[in-house]
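The following exercises are to be worked through in order. Please examine the sequence and the model before reading each solution.

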Protein chains: 2
Amino acid sequence: MREGKVQIIPLGGLGEIGKNSLAIRYGDDILVIDCGLMFPEDELLGIDVVIPDVTYLLENKECLRAIILTHGHEDHIGAIPYVLPHFDVPIYGTRLTLGLLEGKLEEHLPGFKADLREVRPRDLLTIGNFKVEFIRVSHSIPDAVAVAVHTPLGVILHSGDFKVDYTPVDGERIDFHRLAKLGEEGVLVLLSDSTNAERPGYTMSERVVGETFEETFRRSRNRILIATFASNIHRIQQAIIVAHRFGRKVAIAGRSMVNVVTVAHRLGYLQIPPGTMVELEEANRLPRHEVVILTTGSQGEPMSALTRMAMADHKLVEIYPGDTIIISAVPIPGNEKLVARVIDQLFKRGAEVLYETVSGLHVSGHPSQEELKLMISLTRPKFFIPIHGEYRMLMRHAELAREMGVKPENIFVAENGQVVEFSRKGGRFAGRVTAGRVLVDGLGVGDVGNIVLRDRKQLAKDGILIVVLAISQESGQVVAGPDIVSRGFVYVREAEELLEEAKAQVRAALEKCQEKGLNEWASIKAQVRDILGRFLYERTRRRPMILPIIMEV
Amino acid sequence: MREGKVQIIPLGGLGEIGKNSLAIRYGDDILVIDCGLMFPEDELLGIDVVIPDVTYLLENKECLRAIILTHGHEDHIGAIPYVLPHFDVPIYGTRLTLGLLEGKLEEHLPGFKADLREVRPRDLLTIGNFKVEFIRVSHSIPDAVAVAVHTPLGVILHSGDFKVDYTPVDGERIDFHRLAKLGEEGVLVLLSDSTNAERPGYTMSERVVGETFEETFRRSRNRILIATFASNIHRIQQAIIVAHRFGRKVAIAGRSMVNVVTVAHRLGYLQIPPGTMVELEEANRLPRHEVVILTTGSQGEPMSALTRMAMADHKLVEIYPGDTIIISAVPIPGNEKLVARVIDQLFKRGAEVLYETVSGLHVSGHPSQEELKLMISLTRPKFFIPIHGEYRMLMRHAELAREMGVKPENIFVAENGQVVEFSRKGGRFAGRVTAGRVLVDGLGVGDVGNIVLRDRKQLAKDGILIVVLAISQESGQVVAGPDIVSRGFVYVREAEELLEEAKAQVRAALEKCQEKGLNEWASIKAQVRDILGRFLYERTRRRPMILPIIMEV
């Protein structure tokens, strides 16, 4: 690529929530900011996670200088174990972020040696043609940063995920001064978090949740369970402090939360008064009013600890009447039903459940409209690109930027893979690169695509009907079968008659083939599929997958 | 059942939203109030609708005197076409309710002669030992009623679905006077709608939406599309009136809305100024600022008109930049993602979309907490049973009743099938009757159960692998195969090697059987399933369904 131009190349996180990843290119230097995963939507049957398509990076391997991480959330670091083996580049991130990443790498790539380089807010590194600067921001996980990339054409400021919390739990405020200074010197492009761009006003401080915890603890004479995101260390910290103040011991249920707490505590991001934490077994032996259990499952995830407790199938924790259960989260769109079911189950067990309908149980980690305006007015960008959000959120954020005086022609609402190029002359869309989603299913990365998904969809809807027959090589006659086996279609016991008739249909189809002198298997199979399909739809209004199998004996 | 006792037997709608149905029994007389359907949750793969299990009614056929309908919504009348053929009883309902039911019956049971009997608010009928009275209430569909069943033990008041709208679109207010009179004379049991029991305050009047429409029409110089529920005749009425006032023609997209509008207009529940309605084809020929299109799809249903427009695959309606699209609804829990996707698509086509984030676009048809209190204080029931809602909603409603002074021991939070019995002595839970859900898939009613669903789930997650081989009757040797066919598991093209190895595994399994002298097919199949399953999980971390088929030739 010619010098004198800088390109912004979003690889994920635009037009969607999750799998955030964005490349910045100047000449032959490419930086990647974040490389996250996304959890599959319902129609991606059987898929475990979705990661960005990094074809562009593979095609430009020799230009890739570094991967830079803004914070330790799955949707920002989760894809690294899948892509890192393809690249030999250093990864820069703050202490906690790298600590959490290390855990993932050990899990997915045991023994893999990654070149992880720790940075601190206000650090300034030289990477190729770039100077890269890290700026502290508040978010729902500690040690989150924005990234200012100084290029020969000017500063590109990537907000990461952020919020404005004037009273952060860890006392580490967003670095307004640095942002203001950059704004004064001039920011070429601002890339900013759009997750909450539809929300008017300000996002409340994380402290609010601590206060709600405190009230609840004051009222409760019984056991308290708090479900929240495993990675929300600020919230876990507040729960621990309040518990300690009220003389309660804290136990943790849920592997992911245990892992995060262990790392955060080891690295000094979580203060635990001595003797506060206990194992679940011990907690079960203590008087209930002396116990707090922190647990995963705030999204009603079927396998999570809280869901198991609700369904009375958790090994160590049983829900008792009188328990107070705080769901310190809001359902992520798509999870509403799951969460509601868990809440209902907990009520049925006699627990008091505090959830969405009670205010102050959760605050967002993302900036509402007034905070977005604050970011824009502090940094005074010439060009603006909304990132991290579904299309309508990006649109709303662009509207806010217009209202703040950014020239309409300087605002670019881009899609993943759409290159935005800046030069002395200005900014423009400069074509597309390969981008999209790669589906991960078990150990398979990218081996499940539309055909497989289409089949799974059909199988899921109406099941499958398999027709097997054996044809003799010499005579060409059917010597065994047709047999019919079905799964996921109808109760075989209740449908014997139907399946008998289906067999008859197949025989008829075969005879037809004989008459017509059809003998390539392909056309015989087509016949069977066709006649049987029509018959079954006629009789059941269902369209199971029909799979004729012919054996030659 | 002995006299001197009256039983409330909920068959659906308790602990869930939908398939509302409730039986009232005194001696040998049974009345059923409503018989609705429910749309399946995601995990009910391939299921079209869910209806109540009416085994109890079948077992007590000779006692069933009538089915009484409170209003014409799917979740109150939708199951009737499935159950009516089993019973020879009259159905009582108001004019519009029966009009909508007739349409359903014609569609599902062409030629079926149902005994439909029209009633009016304040009508009083004698049915067996009961006197049944109909009381007007406000709801999101006209002609909705509550039902007061006068039994020898006292009045059982069923609220139906209701809200308190002081300025209803059709001018038909809720009949406070009759409710007050009943309260004065004494209500034995109140059964009341819990759908919004978690919502503080009052539900706004439907008029509010009309005002929002008016503002939007005033601002718009272009085409307007309004998506709402097909059955919300009040809202459709307001849209038509506002359109007429602003000199716009109205066209309708979506079969279900066309049907409802036709019936409602024919029966006089919808006033249409002459010349206001046009066909879509004609609307396409008019200047855009003279057109309003009412459409289905406010829930993002994949096959609905609005979704097709958004995906640019509607035959007659194309979305143009500048169109204003009003989503006059909130997503029903579970539909959030679908709705969001449609909104994003509409934005991408350059339309201005007004949705949830704008207030006054939708109001609920159900009573908030203050209205529920009003109902309780007007009717002063001795006993209270919350109905129509998920468990936590019923609990909240029960709490409200306590706050209103109903004795805790007189409040019964019941589940479907749980009998609540009242006598001179008081009320008590009196055992259970069969109740639950019946799954409808295509023409099959109840022929899809747990086994089929479990299979569909496994097929959906990891697909299927079929192993076929032919064994000779005389020799008992494998004469053909093993062949492997797979669907929904992996890209066959990319997995040839894996499938070859899988075949080898099967051969190994077969040899093992020979050595062990295993020759019943069952144990051979088990072997194959076992060895192959372990191999595939080992290699892919997936568990496809493995289906060994042995042919004897």
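A residue is called buried under 20% relative accessible area, exposed over 50%, and partly exposed in between, with a 1.4 Å probe and protein chains only. The model is predicted: local features need pLDDT of at least 70, side-chain atom pairs count only at pLDDT 80 or more, and totals for chains, interfaces and linings use all residues. Residues are numbered from 1 along each chain as its sequence is written, chains are lettered from A and ligands numbered from 1 in the order in which they are written, and side-chain values use heavy atoms, with hydrogens and water left out.

**Exercise 1.** Determine which residues UniProt lists under "binding site", and state whether Asp441(A) is buried or exposed.

Solution. Step one: the unreviewed UniProt entry places this feature at Gly46(A), Asp48(A) and Asp441(A). Such positions are given in the numbering used here, feature names are shortened, and annotations may be inferred rather than shown by experiment.

Step two: the three residues span 396 residues in sequence, yet no two of their C-alpha atoms are more than 6.8 Å apart, so they gather at one spot.

Step three: Asp441(A) has a relative accessibility of 1% and therefore counts as buried, whereas Asp48(A), at 35%, counts as partly exposed.

Step four: contact means heavy atoms within 4.5 Å. Leaving aside neighbours within four places in sequence, Asp441(A) is in contact with residues including Gly46(A), Asp48(A), Lys461(B) and Arg542(B).

**Exercise 2.** Describe the sheet that contains strand β21 of chain A.

Solution. Step one: strands (E, at least two residues) and helices (H or I, at least four) are DSSP runs, numbered from the N terminus. Two strands pair if DSSP finds at least two bridges between them.

Step two: the sheet is open, has three strands in the order β4-β21-β22 (chain A), and is paired in the antiparallel sense. Its edge strands, each pairing on one side only, are β4 (49-52) and β22 (444-445) of chain A.

Step three: four bridges join β4(A) to β21(A), which comprises residues 437-441. Asp441(A) is found in this strand β21, while Asp48(A) is in the loop between β3 (29-35) and β4 of chain A.

**Exercise 3.** Locate the residues that UniProt lists as "active site", and examine their surroundings.

Solution. Step one: the unreviewed entry lists Asp193(A) and His366(A). They span 174 residues in sequence, yet their C-alpha atoms are not more than 7.5 Å apart, so they gather at one spot.

Step two: Asp193(A) lies in strand β12 (residues 187-193) of chain A, and His366(A) is in the loop between β17 (352-354) and α12 (369-379) of chain A.

Step three: Asp193(A) is buried, with a relative accessible area of 0%. His366(A) also counts as buried, at 16%.

Step four: a polar contact is a pair of N or O atoms within 3.5 Å; within protein, one must be able to donate a hydrogen and the other to accept it, and residues adjacent in sequence count only if both atoms are side-chain atoms. The side chain of His366(A) makes such a contact with the side chain of Thr195(A) (3.4 Å), and the side chain of Asp193(A) reaches the backbone nitrogen of Phe162(A) at 3.5 Å.

**Exercise 4.** What relation places chain A on chain B?

Solution. Step one: copies are superposed by least squares on the C-alpha atoms of residues with pLDDT of at least 70 in both.

Step two: a turn of 180° and a shift of 0.0 Å along the axis lay chain A on chain B with an RMSD of 0.1 Å. That is the relation of a two-fold axis.

Step three: in chain A, the C-alpha nearest the axis belongs to Ala460(A), 2.3 Å from it.
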